[in-house]
Amino acid sequence: MGRCIQYRRVALALLVYSLTGSGLGVSGVVIAEIIPVLLLASFAGPLVDCLPRVAVMIAADLIRAALAFSLPFLDGSVFAVYAVAFGLSAGAVFFNPAAQSVLPSLVRERDLVVANSGLWTAAVVPQVVFAPLAGVVVAAYGYDWAFWINGSPRLDIAYRLETGQASPQPIVATTSAPRARSSMSTHQPLSATGVTFG
């Protein structure tokens with residue numbers, strides 16, 4: 001997920017700068033992405049706990065894909081771009097807790113620190129690669145391709161979640177704990193996806 005977020009942020013910033021020629025305009029994208037976190041994060045986690053997590057993840061990814069695909073058709077409206085940035089961030093606010101809540105069912109309690117460190121590394125390292133890649137794609141192919149590329153993985157993830165193709169592969173073996181096995185089987189369709197796609 002980190003790779004999609006950083007890629008998207010760079011592409012959005014470049015798009016807004018091309019529309020406004022203003023650093024202040026670019027700051028509007030940042031504000032549009034922060035507002036959903038401030039408004040929704042406090043109750044997104046508890047709400048996700050009450051809903052089927054796979055359904056939440058699928059809905060969030062389909063909405064974010066639709067928003068990303070809409071960007072090439074916004075006719076240069078910077079305010080529409082801000083609205084899309086708001087929606088993309090809001091989708092992440094709901095997707096992330098649903099995906100991350102799977103981890104405790106995949107590893108033993110004593111392994112959670114190591115597993116969390118591994119997930120953090122897996123999220124941060126791609127950011128270093130994909131953030132500058134957005135600039136390269138924009139320069140080489142234009143904004144349309146940049147946002148189509150950003151939206152495509154969301155459709156793939158949603159499809160894999162819906163069809164159960166993201167088969168569970170626990171990070172750390174849990175065969176010695178019967179309770180862990182039972183919890184894992186409850187979350188079979190999304191366990192690997194929560195770890196892999198985030």
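A residue counts as buried when its relative accessible area is under 20%, as exposed when that value is over 50%, and as partly exposed in between. The exercises below use this rule on a predicted model.

**Exercise 1. Describe the make-up of the protein: how many helices and strands does it have, and what share of its residues is buried?**

Step 1. Begin with the elements: the protein has eight helices and zero strands, and, read from the N terminus on, the order is α-α-α-α-α-α-α-α.

Step 2. Turn next to burial, where the rule above gives 39% of the 198 residues in the protein as buried.

Step 3. Finally, look at the contacts between residues at least 6 apart in sequence, of which 80% join residues at least 24 apart.

**Exercise 2. Work out how helices H3 and H4 are arranged: are they roughly parallel or antiparallel to each other?**

Step 1. Two packed helices are described by the angle between their axes and by the distance between those axes.

Step 2. For H3, which spans residues 53–70, and H4, which spans residues 78–100, the axes come within 9 Å and cross at roughly 160 degrees.

Step 3. An angle over 145 degrees counts as roughly antiparallel, and H3 and H4 are therefore roughly antiparallel to each other. Their crossing is left-handed.

Step 4. To see which residues meet, take H3 with Val-56, Ala-60, Asp-61 and Arg-64 among its contact residues, and H4 with Gly-87, Leu-88, Gly-91 and Phe-95 among its own. The residues of this contact of H3 with H4 divide into 12 nonpolar, three polar and three charged.

**Exercise 3. Follow one residue of that contact, Gly-91: is Gly-91 buried or exposed, and which residues does it touch beyond its sequence neighbours?**

Step 1. Gly-91 lies in helix H4, and because its relative accessibility is 9%, Gly-91 counts as buried.

Step 2. Once the neighbours within four places in sequence are left aside, Gly-91 is in contact with Ala-60 and Arg-64.

Step 3. For a distance across the pair of helices, take Gly-91 and Val-56, which are 35 residues apart along the chain and whose C-alpha atoms are separated by 9.4 Å.

**Exercise 4. Compare the packing of H2 and H4: what are the angle and the distance between their axes?**

Step 1. H2 and H4 pack at an angle of about 30 degrees, and their axes are 7 Å apart.

Step 2. Since angles under 35 degrees count as roughly parallel, this makes H2 roughly parallel to H4.

Step 3. The crossing of H2 and H4 is right-handed, and the residues of their contact divide into 19 nonpolar, four polar and one charged.

**Exercise 5. Find the salt bridges: how many are there, and which side chains meet in them?**

Step 1. Side chains of opposite charge can pair when their charged atoms come close. The rule asks for a side-chain nitrogen of Lys or Arg within 4 Å of a carboxyl oxygen of Asp or Glu, and by this rule the count comes to two salt bridges.

Step 2. In one of them the side chains of Arg-9 and Glu-33 meet, at 3.1 Å from N to O. Arg-9 lies in helix H1 (residues 2–20) and Glu-33 in helix H2 (residues 23–49), so this pair ties together parts that are 24 residues apart in sequence.

Step 3. Check the burial of each partner: Arg-9, at 38% relative accessibility, counts as partly exposed, whereas Glu-33, at 8%, counts as buried.

Step 4. The side chains of Arg-64 and Asp-61 also meet in a salt bridge, at 2.7 Å from N to O. These two residues are three apart in helix H3, so about one helical turn separates them, and both Arg-64 and Asp-61 are buried.

**Exercise 6. Locate Leu-155: in which helix is Leu-155 found, and which residues does it contact beyond its sequence neighbours?**

Step 1. Leu-155 is found in helix H6, which spans residues 143–163, and at 38% relative accessibility Leu-155 counts as partly exposed.

Step 2. With its neighbours within four places in sequence left aside, Leu-155 is in contact with Leu-62, Ala-65 and Phe-69.

Step 3. Leu-155 and Ile-63 are 92 residues apart in sequence, while their C-alpha atoms are 9.4 Å apart in space.

Notes:
Residues are numbered from 1 along each chain as its sequence is written. This is a predicted model: local features need pLDDT of at least 70, side-chain atom pairs count only at pLDDT 80 or more; totals for chains, interfaces and linings use all residues. Side-chain values use heavy atoms; hydrogens and water are left out. Axes are lines fitted to C-alpha atoms, for helices over the stretch in contact, and angles run from 0 to 180 degrees between N-to-C directions. Helices (H or I, at least four residues) and strands (E, at least two) are DSSP runs, numbered from the N terminus. Angles under 35 degrees count as roughly parallel, over 145 as roughly antiparallel, 65 to 115 as roughly perpendicular and the rest as oblique. A crossing is left-handed if the near helix is turned anticlockwise from the far one by less than a right angle, and right-handed if clockwise. Contact means heavy atoms within 4.5 Å. Ala, Val, Leu, Ile, Met, Phe, Trp, Tyr, Cys and Pro count as nonpolar, Asp, Glu, Lys and Arg as charged, and the others, Gly among them, as polar. Buried means under 20% relative accessible area, exposed over 50%, partly exposed in between (1.4 Å probe, protein chains only).
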